[in-house]
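Reader: I would like a close look at one part of this model. Pick a charged pair, show me where its two partners sit, and then work outward from there.

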Amino acid sequence: MQKRVMCLFMFLLLLSCKSKTEEKEVTQEKESKVYTEKYRPQFHFSPPEKWMNDPNGLVYNEGMYHLFYQYYPEDIVWGPMHWGHAVSKDMVHWEHKPIALYPDEHGLIFSGSAVVDKKNTSGFAKDGETPLVAIFTYHSMEGEKAGKKDFQTQGIAYSLDNGETWVKYEGNPVIGNSGIKDFRDPKVFWHEESQNWILALVAGDHAKFYKSNDLKEWKHLSDFGKRQGAHGGVWECPDLFPLKVEGSNEEKWVLIISINPGAPNGGSGTQYFIGEFDGKKFISDQKEAKWLDFGTDNYAGVTYNNTPNGERIFIGWMSNWDYARDTPTKKWRSAMTVPRKLSLRKVGDDYLLANYPLEQMDKLASEVLDKGISVPADTSLTLNVDGLNQSQLSFTTASKDFKLIFSNDLNEILELTMDSKNSAFMLDRMNSGKTSFQPEFGNKKHYMNTQALGEEAYEVKILLDWSSIEVFIDNGLYVMTQQIFPTEPYNKLTIENLDDQSVIENAQINKMQSTW
């Protein structure tokens, strides 16, 4: 009898293992088919299907980088918000996870952050675990429809299994609303000097700061920004953190604020402030806006908490509210920027925030499509290269006058121009492919002021994916991120060096491996 039971147990175990293996193979086969659709990014994160916007809850814990995101699982246009979830060991290859947070009686789950509560200040852990705590905005649709102003509050949830499952706090909301219409997007971090959790959120036209010792009870500390920076639209998605100035021991605090509309090239954009934070107040003498990215498709970006080596890693939503709901994709909509390391650079008496792809991205650029390219002064070169829409182009130059023209057999053209006369860089996607799906998408050229570029040679790095281009000048001192939708992939690159002295040299084109 025991032998029969044992044989039956072994049979069921083998059957279970086989079933799990087959299920995994089916999932992998499904994903391989999913990530080949037209315009599907090959080395940027995008959901398997449906709508995605802001990155949320960026945190590293127990060997995993977590990426939560605003997600509507029923359609490819914005709808009732959930937190989607993915994890990565290297910030390059991602594994999709089940939805982490669902709407409840308090409202939809809008943007927020996550922290590793190492000291269990929240008391959520009972048996020695380390809680992950998510802090997010509740958005009550009923309150909004009723014409109330207090329909956004802040709630928390916790996980004791590194983000696999979540429990909402029974005392939600932890921050109520006294009548502020736009009151959202909490970013939380541990402030060692004051031994408190600090929370930054936005309230229409300014940021508010709070403190807590347990992530449950919060006290308002101060406000910032009503008369500083850009105010062409609503402030969103704040992030506050310290950064050392490159090449020195000087430390400054950086406050990132997204704004919609009001960006330099229209619609959504991300500005930043450089200043000081003493645990209570953020102070900056900066009056005018500084922009993290001059492209139209880097919004709502925030940085990771608890990174293993202290790097400040940023990810943004690669879209713009002017046309986010209309882009020509069918199964899914939206992608994230590549992950970028933030650094603070002093240029003269000014402080500028640079953002540049993580070193891990270079590992994808292993296959060389063309190399050793040099373009002397006052000359041009045309290269026929298959696979340009999944590539990395890099070169060094001191030239302040050049053009890069990506094109295909349909004469669709994406043009990039460096212009010394106006100290500007220009990106023209007006004839880059499909642009008519929304009037704002291809109606004008986009410009970036490059006055801080020195006289010495600098690097240009360009990442082209199936529906995006990211341009990094001088190691990310100047950046433009744009969506593009060519009808056919670009297969020709023309480099025009319009400078009468400087050479464009060490140019190389590498194929970027698909991460899916």
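Author: A residue counts as buried when its relative accessible area is under 20%, as exposed when that area is over 50%, and as partly exposed in between. Keep those cut-offs at hand. The model is predicted.

Start with arginine 184 and glutamate 236. Their side chains form a salt bridge, and the closest N and O atoms are 2.8 Å apart. Arginine 184 belongs to strand β9 and glutamate 236 to strand β13, so this pair ties together parts that lie 52 residues apart in sequence. Glutamate 236 has a relative accessibility of 13%, so it counts as buried. Arginine 184 is buried too, with a relative accessible area of 10%.

Now look at the strands that carry this pair. β9 spans 184-191 and β13 spans 234-244, and each supplies at least two residues of the lining of the largest pocket. β5 (108-116) and β14 (251-260) do likewise. β13 gives the largest share of that lining, five residues. The pocket itself holds about 710 Å³ of space. Its lining has 28 residues, and the closest to the centre are Phe189, Trp190, Asn305, Asn306 and Arg312. By character, the lining divides into 12 nonpolar, six polar and 10 charged residues.

β5 leads on to a sheet. Four strands form an open sheet in the order β5-β6-β7-β8, with antiparallel pairing. β5 and β8 (167-168) are its edge strands, and each pairs on one side only. Inside that order, β6 (residues 132-139) and β7 (residues 152-159) run antiparallel and share eight bridges. One of the contacts sets threonine 137 against glutamine 154 of β7, its bridge partner.

The loop after β7 brings in a second charged pair. Glutamate 164 and lysine 97 meet in a salt bridge, at 2.8 Å from N to O. Glutamate 164 sits in the loop between β7 and β8, and lysine 97 in strand β4, so the pair joins parts 67 residues apart in sequence. Are these two buried or partly exposed? Glutamate 164 is partly exposed, at 44% relative accessible area. Lysine 97 is partly exposed as well, at 22%. The two do not stand alone: Glu95, Lys97 and Glu164 are linked in a network of salt bridges.

Follow lysine 97 along the backbone. Its bridge partner is histidine 85, across from β4. Histidine 85 is in β3, and four bridges join β3 to the antiparallel strand β4 (residues 95-101). The β3-β4 hairpin has six residues between its strands, and methionine 91 there takes a positive phi near 70°. On β3 (residues 82-88), seven of seven residues are buried. In a regular strand, side chains alternate between the two faces of the sheet. Here, His82, Gly84, Ala86 and Ser88 point one way, while Trp83, His85 and Val87 point the other way, and all are buried.

β3 has a further partner. It pairs antiparallel with β2 (residues 64-72) over seven bridges. Leucine 67 has alanine 86 of β3 as its bridge partner.

Next come the rings. The whole structure has 32 aromatic pairs. Tyrosine 69 and tyrosine 71 form one of them: their ring centres are 5.6 Å apart and their planes stand at 80°, so the pair is edge-to-face. Tyrosine 69 is buried at 3% relative accessible area, and tyrosine 71 is buried at 10%. Both tyrosines belong to a cluster that ring pairs build from Tyr35, Phe45, Tyr69, Tyr71, Trp94 and Trp516.

Back to charge for a last comparison case. The structure has 19 salt bridges by the rule used here. Among them is arginine 345 with aspartate 474, whose closest N and O atoms are 3.7 Å apart. This pair links distant parts of the chain, 129 residues apart: arginine 345 is in strand β21 (residues 340-347), and aspartate 474 is in the loop between β31 (468-473) and β32 (478-483). Arginine 345 and aspartate 474 are both buried.

To return to your starting pair: arginine 184 is buried, and so is glutamate 236. Glutamate 164, by contrast, is partly exposed, and lysine 97 is partly exposed too.

Definitions and conventions
Residues are numbered from 1 along each chain as its sequence is written. Side-chain values use heavy atoms; hydrogens and water are left out. On a 1 Å grid over the protein atoms alone, a cavity is a set of points where a 1.4 Å probe fits but cannot get out, and a pocket is an open set with protein on both sides within 12 Å along at least five of seven lines; lining residues have an atom within 4 Å of a point. Grid points are joined across faces, edges and corners, and a volume is the space filled by probe spheres set on the points. Ala, Val, Leu, Ile, Met, Phe, Trp, Tyr, Cys and Pro count as nonpolar, Asp, Glu, Lys and Arg as charged, and the others, Gly among them, as polar. Two strands pair if DSSP finds at least two bridges between them. Buried means under 20% relative accessible area, exposed over 50%, partly exposed in between (1.4 Å probe, protein chains only). A salt bridge is a side-chain nitrogen of Lys or Arg within 4 Å of a carboxyl oxygen of Asp or Glu. Rings of Phe, Tyr and Trp (its six-membered ring) pair if their centres lie within 6.5 Å; planes under 30 degrees apart count as stacked, over 60 as edge-to-face and the rest as tilted.
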